[in-house]
Amino acid sequence: MSTLPRKQAALLAALSLAALPVAACSSSGEKSAGSASQGGMTELTVFIPQGADQNLQTNAYTKLLSGKFKINFKFQTTTYDAAPAAEKRQISLASGDYPDLYLLVPWVDQFAQPELLKLSKQGVILPLNDLIAKYAPNIQKALETTPAYKTMATAPDGKIYGLPEWNDCFHCSYQAKLWLNTAWLKKLGLSMPKTTEEMRTVLRAFKTKDPNGNGKADEIPLTAATGDPLLTYFMNAFIYDPRGAGVAASTLALNNGKVQLQAAQAKWREGLRYIASLYKEGLIDPGAFTQNGDALKAKGDNADAVIVGAGTMLHPALMVTLDQKDGRDKDYDAVPPLTGPEGVGYTSYSSPSLPGATFVLTNKATEQDQIAAIKMLDYIFTDEGQVQGQFGQEGVGWKKPDSGDVALDKNLKPLYKVIPGKPGAAPTNASWGALTQYNSTRAFRDAQVQPTDTDKPEGYERRLFDATKLYEGKVPKDQIFPSWNLWLGTDVTAEAATLQTNIQNYVGQSNLEFVTGKKNIDSDQDWTAYLDGLNGLGLQRYLQIQQQAYDAQ
């Protein structure tokens with residue numbers, strides 16, 4: 001899950017909201033008639049996404065929180081469909097008819113950083129620093145023990161205007177993986193490729209030597225879908241490409257502390273030259289740059305024969321359905337980062353947590369509301385609160401580990417075990433799911449019990465964990481541009497968003513034109529025209545804005 005493509009949309013949405021007047025802003029503590037606390041219960045109005053199979057009012061986790069913190073919830077629900085969810089939130093703010101609390105899911109919709117700054121100046125949302133210090137020891141501990149989380153949550157003025165989720169998904173952090181059919185390798189007597197030229201040899205063999213044995217030239221050596229990191233995986237053998245996925249994601253990186261666009265560097269051209277040569281030989285599926293995930297899956301699941309040799313994607317289930325009768329889903333293994341002609345072999349890194357905020361208190365919340373809400377979130381930050389929140393009730397969605405159970409990270413003590421039959425998901429209406437992933441650190445996530453047999457669907461998470469170990473440590477830390485930890489000033493937000501969109505789209509489109517031959521990567525004239533196009537879109541100003549934000553941070 002790469003950060004920038006999703007945040008780009010959220011940022012633009014926030015900018016459109018910023019242009020709207022905020023109406024009927026009540027002062028802190030002012031509430032409409034009938035909404036005051038009654039019978040010792042705090043009435044809390046919450047804007048929140050609700051799943052299609054959920055009823056949050058009767059949800060088991062809602063009842064747990066309600067009883068524990070004496071909260072009478074009044075939900076203003078939206079769906080997990082990103083565009084309508086964002087629109088409904090914007091309308092609620094612009095009309096002035098907004099709730100005490102917004103509780104959101106980052107990959108659906110959340111408050112972007114510029115939006116937090118704008119609304120805080122208007123007095124619409126409240127800083128959380130004092131509440132956390134007085135009533136939320138678990139949140140305070142998380143901020144202190146995870147510096148990156150504190151940086152992400154803290155505005156330049158030192159205030160925390162909302163809290164983002166922290167979901168430290170190990171395998172999600174390294175999105176640019178390549179999964180290769182090792183059964184075909186074995187049949188053809190080949191070894192796992194280590195270099196770009198060894199990979200070319202393997203792909204040629206997949207294309208010409210009938211590895212599926214059906215006597216037809218129907219093999220697809222390498223494929224992907226439009227959102228998958230084909231270019232990124234191979235580019236990292238030439239120059240560090242920080243993109244997780246997507247053809248139009250950011251290629252910003254650091255060079256001795258200076259921000260630069262990797263897609264404007266000479267080594268980027270060398271990477272494109274190599275990928276274009278693979279495409280010209282017919283080693284890359286032409287559909288890799290146009291097909292969606294369903295089309296990719298249809299090729300991976302082709303009923304007549306196995307036809308896919310390799311694919312670039314976060315995990316192989318995006319290409320091949322798990323637990324097939326012929327066992328093909330077990331034949332795809334991760335290929336470590338390839339080494340290029342100059343000895344470079346990087347991989348990309350994407351922060352699995354997104355900047356912004358999903359927990360935001362407004363000035364409609366009374367002091368009692370604020371205290372109840374922050375105490376509730378503080379419970380969600382505990383292991384108990386997370387397990388219950390994500391997987392449901394003990395004995396129904398999860399249970400304590402049995403003797404001999406092994407955690408995902410074998411060095412950790414097992415903490416919880418999802419009940420078989422419901423891997424990775426709680427029973428219907430028993431949990432809040434992704435809404436409670438606020439303190440999902442590596443230690444918490446990797447303490448989940450996982451079968452040691454990675455060929456079984458139940459052991460899939462371990463399969464991904466083990467595969468990602470091949471990529472860990474291959475990121476050039478001194479080149480990482482931490483865009484997720486930077487706060488752009490409200491004075492440059494709109495300008496930066498426009499520049500970013502234009503530059504990223506231009507880079508993405510130009511990459512594909514060079515790879516597919518529409519533009520000639522060997523032509524100095526075409527390459528110079530491409531660089532001129534970048535400068536014409538305001539590249540230097542864009543880099544200046546990003547550099548200033550980085551230096552300030």
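Which residues form a negative surface patch? The answer is a set of four: Asp-323, Asp-453, Asp-455 and Glu-458. Before going further, keep in mind that what you're looking at is a predicted model.

Let's stay with two members of that patch. Glu-458 sits in the loop that runs between helix H15 (442-445) and helix H16 (460-468). With a relative accessible area of 43%, Glu-458 is partly exposed, because that value falls between the 20% mark for buried and the 50% mark for exposed. Asp-323 comes from another loop, the one between strand E7 (310-312) and E8. Asp-323 also has a backbone quirk: its phi is near 65 degrees, which is a positive value in a residue other than glycine. Why point that out? Because most residues other than glycine have a negative phi.

Asp-323 has company in this. Lys-70 has a phi near 55 degrees, again positive in a residue that isn't glycine. You'll find Lys-70 in the loop between helix H2 (60-69) and strand E2 (71-78), and at 47% relative accessible area Lys-70 is partly exposed.

Now for something covalent. How many disulfides does the structure hold? Just one, and it joins Cys-169 to Cys-172, with the sulfurs 2.1 Å apart. The torsion about that S-S bond is about 65 degrees, so the disulfide is right-handed. Don't look for this pair on the outside: Cys-169 and Cys-172 are both buried.

Speaking of buried, have a look at helix H4, which covers residues 113-121. Seven of its nine residues are buried, so the rest of the structure largely encloses H4. The buried ones are Gln-113, Pro-114, Glu-115, Leu-116, Leu-117, Leu-119 and Ser-120. After H4 comes Gly-123, whose phi is positive, near 80 degrees.

Next, the charged contacts. A search of the whole structure turns up 22 salt bridges, and a few of them are worth a visit. In one, the side chains of Glu-342 and Lys-267 meet at 3.7 Å, N to O. This pair links distant parts of the chain, 75 residues apart: Glu-342 is in the loop between strand E8 (332-335) and strand E9 (359-361), while Lys-267 belongs to helix H11 (residues 266-280). As for how open the two partners are, Glu-342 is exposed, at 60% relative accessible area, and Lys-267 is partly exposed, at 41%.

Lys-417 makes a good second stop, since we can follow two salt bridges from it. One is with Asp-402, at 3.2 Å from N to O. Asp-402 lies in the loop between strand E10 (398-399) and strand E11 (417-418), Lys-417 lies in E11, and the two are 15 residues apart. The other is with Asp-405, at 3.3 Å from N to O. Asp-405 is in the loop between E10 and E11 and Lys-417 in strand E11, so this contact ties together parts that are 12 residues apart in sequence. Is Lys-417 buried or exposed? Lys-417 is buried, with a relative accessible area of 17%, whereas Asp-402 counts as partly exposed at 37%. Elsewhere, salt bridges that share partners join Glu-197, Arg-200, Arg-204 and Glu-281 into one network.

To finish, here are two spots where residues separated along the chain can be paired up in space. What is the distance between the C-alpha atoms of Lys-375 and Phe-69? It is 7.5 Å, even though 306 residues separate Lys-375 and Phe-69 in sequence. Lys-375 is part of helix H13 (residues 367-380) and is partly exposed, at 37% relative accessible area.

The other spot involves Ala-552, which is in helix H19 (residues 539-552). Ala-552 and Leu-486 are 66 residues apart along the chain, and their C-alpha atoms are separated by 8.6 Å. Ala-552 itself is exposed, with a relative accessible area of 68%.

Note on methods:
Residues numbered from 1 in each chain as written. Predicted model: local features only at pLDDT ≥ 70, side-chain atom pairs only at ≥ 80, totals over all residues. Heavy atoms only, no water. Patch = residues over 30% accessible without salt bridge, like charges linked within 9 Å, V, L, I, M, F, W, Y side chains within 5 Å. Areas by Shrake-Rupley, 256 points an atom, 1.4 Å probe, with all protein chains shown as cover. Lys, Arg positive; Asp, Glu negative; His and termini not counted. Charge placed at Lys NZ, Arg CZ, Asp CG, Glu CD. Helix = DSSP H or I, 4+ residues; strand = E, 2+ residues; numbered from the N terminus. Buried < 20%, exposed > 50% of the residue type's maximum accessible area, 1.4 Å probe, protein only. Disulfide = S-S within 2.5 Å.
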